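Me: I am new to this structure. Please take a close look at a single part, and then place it among the rest.

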Amino acid sequence: MQIQDLMSDIRRNAIKRMDKKSPAELSASWSSEDLLHSGIGNAIFIILPTPGCAHALSESGGCTMCSYIADSPLENVSSSQLIDIFKNLMEKHEIKPKTVVKIFVSGSFLNEKELPKEARDEILKILNKEENIEEIVVESRPEFVTEEIIKNCCDLLPDKIFEISIGLESSSDYIKEYKINKGFLNEDFKRAINIIKNLKSNYKITSKAYLFVKPILTSEKEAIEDAVASAKYAEKIGVDRISFCPATIHKGTLMEILWRRGSYQPPWIWSILEIIKKVRSEVKIPVIMDTSGFGTRRGPFNCKKCNKKFKNLIIESNLKQTIPEEFKCECKDKWIADVEFSNITRSTTALKN
Ligand SMILES: [Zn+2]
């Protein structure tokens, strides 16, 4: 069976099990402290109920770790409805000085089949009027990044930084193809980054790469090595910022199936610390480590004694871009054994080949 067929099956089952929710119920917003290009400020997060990621809805079946399709209404929501939902969500938040607004559509903001141009334009116009907003961050797959669309967006935001975040996940095409089912390769990502780079002389446009920590079928050691190599690659080709997403187990994914069978575990928080140490000393662009799901049953873990402490240290280190001060915990030895064990299994496989 091809991974695409398997993923399509899993996706169809997940969609069948979904509760029908209204577009307003599927929308969400929250705010928190965040690191902007100009320093520490405030972020407003907005989730809009668009029909869902084109890749997840296609024959490919989508990515092995992602369940965002379950948060999508799977039907078209009209532009006026989307604009109303957006306005209502924004009204819930005070727009403090130095604010970044991050808009998530559980897919591609730049794909007009997911977010109609009419709604996109109106949302950007609303944001442009707010003086305290410095940056607008959106997400897109690389195939929807075109010069025309970027120009179109930036023309509506003459005074703001517009950032396109793209889920590269890994700089290894092998991992993207066989462990994530990402549906694009480094050359596609690079093409999108080049478009953004070429428009920098005329617009305040920046790029961000999302990197995924520990895809399925990856050992603890490989996960660390891949994360570090991917960050170096992103910097080398001209990405402006990096955001790491350590794996958490989403419902209705191939990752969940493997986890339930004992064939997958999310990364150790020790591994995450190792990645931060290496990347913050070897890569010069800002690097954010997402900590959602840390210390939960489905997320990155160490032990009950240190999960929370490390999570807080990492959140703080994101704002300051420092390497978190490490403290001792007895669980570290188990992590070391895990990393070394993956070393042994790898060298035995090498012997067999
Ligand atoms: Zn511990």
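Reply: Contact here means that heavy atoms lie within 4.5 Å of each other. This is a predicted model, in which local features need a pLDDT of at least 70 and side-chain atom pairs count only at pLDDT 80 or more, while totals for chains, interfaces and linings use all residues. Residues are numbered from 1 along each chain as its sequence is written, and side-chain values use heavy atoms, with hydrogens and water left out.

The part to look at is the surroundings of Met90, a residue of helix α4 (a helix is a DSSP run of H or I with at least four residues, a strand a run of E with at least two, both numbered from the N terminus). Met90 has a relative accessible area of 9% and is buried (buried is under 20%, exposed over 50%, partly exposed in between, with a 1.4 Å probe and protein chains only). Neighbours within four places in sequence aside, Met90 is in contact with Ile44, Ile46, Ile95, Val101, Leu127 and Ile133. The C-alpha atom of Gly39 is 22 Å from that of Met90, with the two positions 51 residues apart along the chain.

Next come the strands. Strand β2 covers residues 39-47 and pairs with strand β1, residues 28-36, in the antiparallel sense over nine bridges (two strands pair if DSSP finds at least two bridges between them). The two form a hairpin, with two residues between β1 and β2. Within this pairing, Asp34 has Gly41 of β2 as its bridge partner. β2 also pairs with strand β3, residues 99-104, this time in the parallel sense and over six bridges. Here Ala43 stands opposite Val100 of β3. In a regular strand the side chains alternate between the two faces of the sheet.

The start of α4 is preceded by a loop that follows α3 (54-57), and Ser67 is found in this loop, ahead of α4 (79-91). Ser67 counts as buried at 12% relative accessibility. Beyond four places in sequence, Ser67 is in contact with His250, Lys251 and Thr253. With His250 there is a polar contact between the two side chains, at 3.1 Å (a polar contact is a pair of N or O atoms within 3.5 Å; within protein, one must be able to donate a hydrogen and the other to accept it, and residues adjacent in sequence count only if both atoms are side-chain atoms).

Elsewhere in the chain is a zinc ion, coordinated by the SG atoms of Cys303, Cys306, Cys329 and Cys331 at 2.3 to 2.4 Å (donors are N, O and S atoms within 2.8 Å of the metal, or 3.2 Å for Na, K and Ca; water is not among the atoms, so sites may look incomplete). Cys303 lies in the loop between β8 (287-289) and α12 (307-320) and Cys331 in the loop between α12 and α13 (332-352), so the pair ties together parts that are 28 residues apart in sequence. Cys303 is buried at 18% relative accessible area, and Cys331 is buried at 5%.

As for confidence, the protein chain averages a pLDDT of 92, with 96% of the residues at 70 or above (pLDDT is the predictor's confidence in each residue, from 0 to 100). Over residues 346-353 pLDDT stays under 50, and the model has three contacts beyond four places in sequence for them. Where pLDDT is low, the predicted coordinates should not be read in detail.
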